[in-house]
Amino acid sequence: RTLEIPLVGTEVLAKHPYSIAECIATRVVDRVRADVSWTGGVTGVMKTARLAEAFGVNCEIHTSIFHPAEIVNLHCCAAVKNCDFFELLYPVEGFAFGLKDPLPIENGLAKLPSRPGLGVELDWDDIDRCTVAIV
């Protein structure tokens, strides 16, 4: 009996998301990864997820560490059929930065906020306090 461990990757490939097609088509990976901070924003994540879906491959939304970006990742995750996993660094307290309220996660399940826009309020005082330089 063999141990089946899926190969997951592609989040940091050069020319992402365009280089992913070959990785999927040649079955270099079993699942692709994407997140808004590494994959070219929402557009890159959605292109990656749709490309993977076309080949019958799941897209794993990967953590971006910065919690406001995690909310964007969560919205992307909810917008695609081939995503059944949302990765988040734990414990979240060490990464809880920039949001007025904690990430909407209860009992290990992430929930989409119901308010307009991203559905969350940013903590601008905290963001300003932690800003080192404005370029």
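The largest pocket of this predicted model has a volume of about 220 Å³. Its lining is formed by C77, C83, D84, F85, F86, L88, V92, I105, G108, L109 and A110. By class, nine of these lining residues are nonpolar, one is polar and one is charged.

Enclosed space was examined as well. Rolling a probe the size of a water molecule over the atoms shows where empty space is left. One cavity of 30 Å³ or more was counted, and the volume of the largest cavity is about 30 Å³. The residues E70, L74, F86, L103, P104, I105 and A110 line this cavity. Six residues of the cavity lining are nonpolar, none is polar and one is charged. F86, I105 and A110 appear in the lining of the largest cavity and also in that of the largest pocket.

The chain as a whole comprises four helices and five strands. Read from the N terminus, these elements follow the order β-α-β-α-β-α-β-β-α. A box of roughly 50 × 40 × 30 Å, taken along the principal axes, is filled by the C-alpha atoms of the chain. The chain has 135 residues, of which 39% count as buried. When contacts between residues at least 6 apart in sequence are considered, 62% of them join residues at least 24 apart.

In soluble globular proteins, nonpolar side chains tend to be buried together. In the present model, the largest nonpolar core contains 25 residues, and the members that touch the most others are V32, C59 and I61. At least two residues of this core are supplied by each of α1 (20-25), β2 (31-34), α2 (41-54), β3 (58-61) and α3 (67-79). Helix α3 contributes the largest share, with six residues. The surroundings of C59 were then considered in detail. Apart from its neighbours within four places in sequence, C59 is in contact with V32, A34, T48, A49, A52, N82 and C83. Of these partners, V32 is itself among the core members that touch the most others, while C83 belongs to the lining of the largest pocket.

The cysteines of the model were also assessed for bonding. Zero disulfides are present in the structure. For C76, the closest cysteine sulfur is that of C77, and no bond is formed because the distance between the two sulfur atoms is 8.6 Å, which is too far. C76 has a relative accessible area of 3% and therefore counts as buried. C130, in contrast, has a relative accessibility of 35%, so this cysteine counts as partly exposed.

Backbone geometry was considered last. Most residues other than glycine have a negative phi, and most peptide bonds are trans. Positive phi values occur at R27, where phi is near 60 degrees, and at N107, where phi is near 55 degrees. R27 is located in the loop between α1 and β2. With a relative accessibility of 49%, R27 is classed as partly exposed, since the exposed class requires a value over 50%. N107 occupies the loop between β4 (105-106) and β5 (109-110). The relative accessibility of N107 is 82%, so N107 counts as exposed.

Terms used
Residues numbered from 1 in each chain as written. Predicted model: local features only at pLDDT ≥ 70, side-chain atom pairs only at ≥ 80, totals over all residues. Heavy atoms only, no water. 1 Å grid on protein atoms, 1.4 Å probe; cavity = no way out; pocket = protein on both sides within 12 Å on 5 of 7 lines; lining within 4 Å. Points joined across faces, edges and corners; volume = space filled by probe spheres on them. Nonpolar A, V, L, I, M, F, W, Y, C, P; charged D, E, K, R; others polar. Disulfide = S-S within 2.5 Å. Buried < 20%, exposed > 50% of the residue type's maximum accessible area, 1.4 Å probe, protein only. Core = buried A, V, L, I, M, F, W, Y, C linked by side-chain atoms within 4.5 Å. Contact = heavy atoms within 4.5 Å.
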